[in-house]
Amino acid sequence: MQPLTNKAQAVNRAPMTFWERLYLINIIKGMFITFSHMFKKQPTTRYPEEKRAFSPVFRGLHVLNRDEEGRERCTACGLCAVACPAEAITMEAAERQTGEEHLYREEKYAAKYEINMLRCIFCGLCEEACPKDAIYLSETFAPANYTRKGFIYGKPDLLIPNPVTEASDLALARGVEA
Amino acid sequence: MTILAFDWGLVIEKLILIAVVVFGSLGIALYTTFGERKVAAILQDRPGPNRAGPFGLLQPLADGIKLIMKEEIIPTAANKWLFILGPGLAMTASLMTCAVIPWGSDIELFGRKIALQIADINIGILYVFAVVSMGVYGIMIGGWASNNKFSLMSSLRAASQAISYELAMGLALIALLMTTESLSLKTIVEQQVQGSWWNIVYQPLGFLLFFIAALAECNRTPFDLPEAENELNFGYHQEYSSMKLGFYLFAEYINMIMSSAIMASMYFGGYDLPFFDESTVAPNIAAMIGVGTLLIKIVLFIFLFMWIRWTIPRFRYDQLMNLGWKTMIPLALFNLLITGALILANL
């Protein structure tokens with residue numbers, strides 16, 4: 001075969017010379033190579049103190065969105081659960097009662113909304129499927145947990161802070177996530 | 001302090017010295033384990049242990065506590081007495097070496113002249129050799145008592161390796177002893193302090209052979225075949241757990257410190273600080289400077305040991321034997337011959 005680059009070299013099979021057979025010189029050469037690594041920059045990110053920035057398109061932990069008035073956007077249509085290839089999303093719908101208009105944007109809402117973070121593959125199809133802009137993937141990932149149950153995230157874990165009543169919490173969350 | 005016609009001050013002085021030297025070596029060994037991991041990390045472009053305490057300095061303590069808290073397991077098929085004796089013997093043998101190492105020149109305290117050496121016996125080097133060859137019993141007994149074929153194989157390797165390399169080590173030393181005309185370590189160091197050159201100048205080949213043999217005797221890479229993680233599953237200490245395992249690992253580091261101290265004393269002037277006239281300062285301060293100098297030399301040797309470990313891979317067994325018998329011993333004999341000829345020619 002014709003070589004693709006001019007970097008190919010024939011293996012040198014000449015018998016070793018006396019100095020090569022001593023190995024000492026090559027060992028010392030090798031030791032200088034390892035020594036030079038003492039002054040190299042370490043690629044390590046010292047994790048808890050120092051975090052590597054995620055790319056803007058990173059797909060991390062889900063959040064359930066609210067509108068400007070702090071009402072939940074989700075209407076429990078189930079499109080995200082249908083779109084989910086890992087079947088990680090379960091929800092139960094409920095009807096909005098009179099007097100709950102300030103809580104839920106539409107007449108129907110998700111009484112229960114759970115994502116199993118151990119099943120989720122963070123593909124982002126739920127985000128694409130949602131017609132109400134209710135679910136988004138943020139730039140953080142699921143922290144460690146002691147039990148499997150701890151990885152089933154319910155509504156309290158997923159909902160973003162209310163922009164009207166908990167504006168400072170929301171700003172904090174945005175600041176951390178951005 | 002002379003009661004019953006016996007100078008009890010000497011006993012107290014020696015006991016204090018023994019305590020300081022033994023606990024000092026244990027402390028250094030503790031931090032050598034930390035140093036090993038740090039050096040390995042830095043040579044491989046990573047930060048190494050840095051979680052326990054500032055810069056990870058409490059890591060050895062955490063390791064020690066962990067080892068002590070671990071469950072002690074003695075295999076049912078093991079020979080219980082020998083199984084317990086093994087690590088103890090390994091540790092004792094490696095600590096015994098420090099008895100003849102001169103740590104510094106004499107100091108004067110409370111009107112007494114105290115030698116910073118536990119015992120200045122006139123066969124110092126012979127004693128070191130005797131104790132070092134005892135060290136292999138710890139490995140042999142441990143490996144045999146574990147009743148595990150890998151452990152046994154590893155202890156056989158350790159024994160044959162130690163015997164092969166002790167020979168070259170001894171021959172390399174005889175050439176040095178021909179020039180110093182003394183077996184006492186104190187005398188050898190004093191000769192280098194008084195004389196203009198260190199022994200490394202007279203015995204470069206001898207030192208190289210001694211150093212390679214010392215690597216083999218300490219079971220350090222490239223001669224760590226008895227431990228051979230990938231083929232023998234850690235070898236002779238495979239069945240050990242808790243502090244018994246800790247003793248084996250510790251003994252290896254103490255061996256390293258002791259062989260560094262012996263190399264520093266015999267070839268690199270011991271506690272002699274070059275280009276410094278000890279008579280210009282008070283004798284006690286001069287002695288302290290000497291102790292510091294020896295410690296620095298030891299640390300440099302330990303760094304060299306680690307540097308080699310993280311650079312070159314392990315020998316194959318036949319390569320090890322070839323190097324030992326077909327290269328090191330003839331070279332040592334050649335060195336002996338040259339030294340003898342030069343002494344005869346009065347050079």
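# Exercises on a predicted two-chain model

An open sheet in chain A consists of three strands in the order S2-S3-S5, paired in antiparallel fashion. The structure is a predicted model, and the exercises below refer to it throughout.

**Exercise 1. Determine which strands form the edges of the sheet in chain A, and identify a bridge partner in S5(A).**

Step 1. The strand order to work from is S2-S3-S5.
Step 2. Strand S2 (89-95) and strand S5 (152-153) of chain A each pair on one side only, and these are the edge strands.
Step 3. Strand S3 (residues 108-116) of chain A is joined to S5(A) by two bridges, and the two strands run antiparallel.
Step 4. Within S5(A), A:Tyr153 is the bridge partner of A:Ile115.

**Exercise 2. Classify A:Trp19 as buried or exposed, and state how far A:Trp19 lies from A:Thr165.**

Step 1. A:Trp19 belongs to helix H1 (residues 18-22) of chain A.
Step 2. A residue counts as exposed if 12 or fewer other C-beta atoms lie within 10 Å of its own.
Step 3. A:Trp19 has 10 C-beta neighbours inside 10 Å, and therefore counts as exposed.
Step 4. From C-alpha to C-alpha, A:Trp19 and A:Thr165 are 79 Å apart in space, with a sequence separation of 146 residues.

**Exercise 3. Describe helix H3 of chain B: its span, its kink and its surroundings.**

Step 1. Helix H3 (residues 80-96) of chain B has 17 residues, and its first and last C-alpha atoms are 25 Å apart, close to the 24 Å expected at 1.5 Å a residue.
Step 2. H3(B) has a kink of about 25 degrees at B:Gly86, shortly before the proline B:Pro87.
Step 3. Both B:Gly86 and B:Pro87 are among the buried residues of H3(B), which also include B:Phe83, B:Leu89 and B:Met91.
Step 4. The cover over the buried residues of H3(B) includes H1, helix H4 (124-145) and helix H10 (242-267) of chain B.

**Exercise 4. Compare the end-to-end distance of helix H12 of chain B with its expected span, then locate its bend.**

Step 1. Helix H12 (residues 317-344) of chain B has 28 residues, which at 1.5 Å a residue should span 40 Å.
Step 2. The end C-alpha atoms of H12(B) are 39 Å apart, so the two values agree.
Step 3. A bend of about 30 degrees occurs at B:Met328 in H12(B), with the proline B:Pro330 following within four residues.
Step 4. B:Met328 is one of the buried residues of H12(B), as are B:Leu320 and B:Asn335; helix H5 (149-180) and helix H8 (204-217) of chain B are included in what covers the buried residues.
Step 5. Just after H12(B), B:Asn346 adopts a positive phi of about 60 degrees.

**Exercise 5. For B:Glu181 and B:Ser242, give the phi value, the location and the exposure.**

Step 1. B:Glu181 is a residue other than glycine with a positive phi, near 60 degrees. B:Glu181 lies in the loop between H5 and helix H6 (185-194) of chain B.
Step 2. B:Glu181 is exposed because 10 other C-beta atoms lie within 10 Å.
Step 3. B:Ser242, which is not a glycine, has a positive phi of about 55 degrees, and is found in helix H10 of chain B.
Step 4. With 15 other C-beta atoms within 10 Å, B:Ser242 is partly exposed.

Notes. Residues numbered from 1 in each chain as written. Chains lettered and ligands numbered in written order. Predicted model: local features only at pLDDT ≥ 70, side-chain atom pairs only at ≥ 80, totals over all residues. Pairing = 2+ DSSP bridges. Expected span 1.5 Å × (residues − 1). Bend = angle between axes of the 7 residues up to and from the residue. Buried ≥ 20, exposed ≤ 12 C-beta atoms within 10 Å, placed from the backbone. Contact = placed C-beta atoms within 7 Å.
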